[in-house]
Amino acid sequence: MLQLQAAEGWVELGRPAEAVLELEAIHSEERELPPVLEMFWHVYAHWKKWQPAYEVATRLVDQFPELPAGWVDRSFALRRLEGGGLQAAHDALLPAVKRFPFEPVIPYNLACYCAQMEQITEAREWLEQAMVIGDRKALLKMANQDPDLESLKALGYLK
């Protein structure tokens with residue numbers, strides 16, 4: 001799909017408005033395909049338009065529950081959505097743990113939410129789970145640079 005490739009290019013260049021034009025040129029039935037919905041989500045997230053980002057991610061979860069990206073994206077948007085927040089994002093992502101037991105980004109994000117809610121023990125447990133199923137070295141490096149996990153770093157847990 002040429003328009004999707006063009007939209008990806010525009011997003012990489014930091015030109016989301018042009019990306020939307022490309023996405024809107026895609027045939028309406030194809031706009032509901034996961035890669036197109038994910039690209040719409042990235043554009044909305046770039047603009048910090050969390051309501052439409054949440055709506056797109058919710059469509060991904062509803063129509064393609066077997067894809068972890070929709071679950072992660074929905075939770076990410078819900079965290080920032082007015083009326084959402086950390087607890088709502090955490091609760092929305094929690095069912096994905098059982099659905100995707102080998103997807104480290106899910107427990108990693110749960111660790112971030114817990115750390116931000118000052119649930120340090122739970123945050124450590126989720127981060128450890130992420131590192132058990134994912135690339136420990138890469139995740140530890142990412143965690144050390146993640147402001148959401150600053151409380152774990154300050155306590156010496158990110159070594």
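**Helix packing and cores in a predicted model**

User: Where is the place of Ala77?

Analyst: Ala77 sits in helix H5; helices (H or I, at least four residues) and strands (E, at least two) are DSSP runs numbered from the N terminus. The model is predicted, so local features need pLDDT of at least 70 and side-chain atom pairs count only at pLDDT 80 or more, while totals for chains, interfaces and linings use all residues. Residues are numbered from 1 along each chain as its sequence is written, and side-chain values use heavy atoms, leaving out hydrogens and water.

User: Does Ala77 count as buried or exposed, and at what relative accessibility?

Analyst: Ala77 counts as buried because its relative accessibility is 0%. Buried means under 20% relative accessible area, exposed over 50%, and partly exposed in between (1.4 Å probe, protein chains only).

User: Which residues is Ala77 in contact with, leaving aside neighbours within four places in sequence?

Analyst: Beyond those neighbours, Ala77 touches Trp41, Trp50, Ala53 and Tyr54, where contact means heavy atoms within 4.5 Å. The C-alpha atoms of Ala77 and Tyr113 are 13 Å apart, with their positions 36 residues apart in sequence.

User: Next, Arg79 and Arg80. In which helix is Arg79 found?

Analyst: Arg79 belongs to helix H5, and Arg80 is found in H5 as well. Arg79 counts as buried because its relative accessibility is 17%, whereas Arg80, at 31%, counts as partly exposed.

User: What is Arg79 in contact with, leaving aside neighbours within four places in sequence?

Analyst: With those neighbours set aside, the contacts of Arg79 are Gly85, Leu86, Ala89, Tyr113, Gln116 and Asp148. For Arg80, the C-alpha to C-alpha distance to Leu110, 30 residues away in sequence, is 15 Å.

User: How many residues has the largest nonpolar core?

Analyst: The largest nonpolar core has 27 residues, and those with the most contacts inside it are Leu93, Ile106, Tyr108, Leu110, Leu127, Leu149 and Leu158. Such a core is a set of buried Ala, Val, Leu, Ile, Met, Phe, Trp, Tyr and Cys residues joined through side-chain atoms within 4.5 Å.

User: Which helices each supply at least two residues of this core?

Analyst: At least two residues each come from H5 (68–80), H6 (86–93), H7 (95–99), H8 (105–116), H9 and H10. H8 provides the largest share of this core, eight residues. Apart from this core lies another, of 23 residues, which includes Ala7, Val36, Leu37 and Phe64.

User: And Leu158: which residues is it in contact with, leaving aside neighbours within four places?

Analyst: Leu158 contacts Leu127, Leu140, Ala143, Asn144, Leu149, Leu152 and Lys153, not counting neighbours within four places in sequence.

User: At roughly what angle do the axes of H9 and H10 cross?

Analyst: The axes of H9 (residues 120–133) and H10 (residues 136–145) cross at roughly 145° and come within 7 Å. Axes are lines fitted to C-alpha atoms, for helices over the stretch in contact, and angles run from 0 to 180 degrees between N-to-C directions.

User: Which residues in H9 and H10 meet?

Analyst: On the H9 side they are Leu127, Glu128, Ala130 and Met131, which meet Arg136, Leu139, Leu140 and Ala143 of H10. The residues of this contact divide into six nonpolar, no polar and two charged. Here Ala, Val, Leu, Ile, Met, Phe, Trp, Tyr, Cys and Pro count as nonpolar, Asp, Glu, Lys and Arg as charged, and the others, Gly among them, as polar.

User: Which residues in H9 are buried?

Analyst: Ala123, Trp126, Leu127, Ala130 and Met131 are buried in H9. They lie on the same side of H9 because they cover an arc of only 135° around the axis; the arc is that of the directions from the helix axis to the C-beta atoms. Thr121, Glu125 and Val132 are exposed on the other side of H9. The cover over the buried residues of H9 includes H6, H7, H8, H10 and H11 (150–154).

User: Which residues in H6 are buried?

Analyst: In H6 they are Ala89, His90, Ala92 and Leu93. These buried residues fall within an arc of 165° seen down the axis, so they line one face of H6. They pack against H5, H7, H8 and H9.

User: Finally, the loops. Where does Lys48 lie?

Analyst: Lys48 lies in the loop between H3 (34–46) and H4 (50–63). Lys48 has a positive phi of about 60° although it is not a glycine, and Lys48 is exposed, with a relative accessible area of 59%.

User: In which loop does Glu118 lie?

Analyst: Glu118 is in the loop between H8 and H9. Glu118, not a glycine, also has a positive phi of about 60°, and Glu118 is exposed, with a relative accessible area of 69%.
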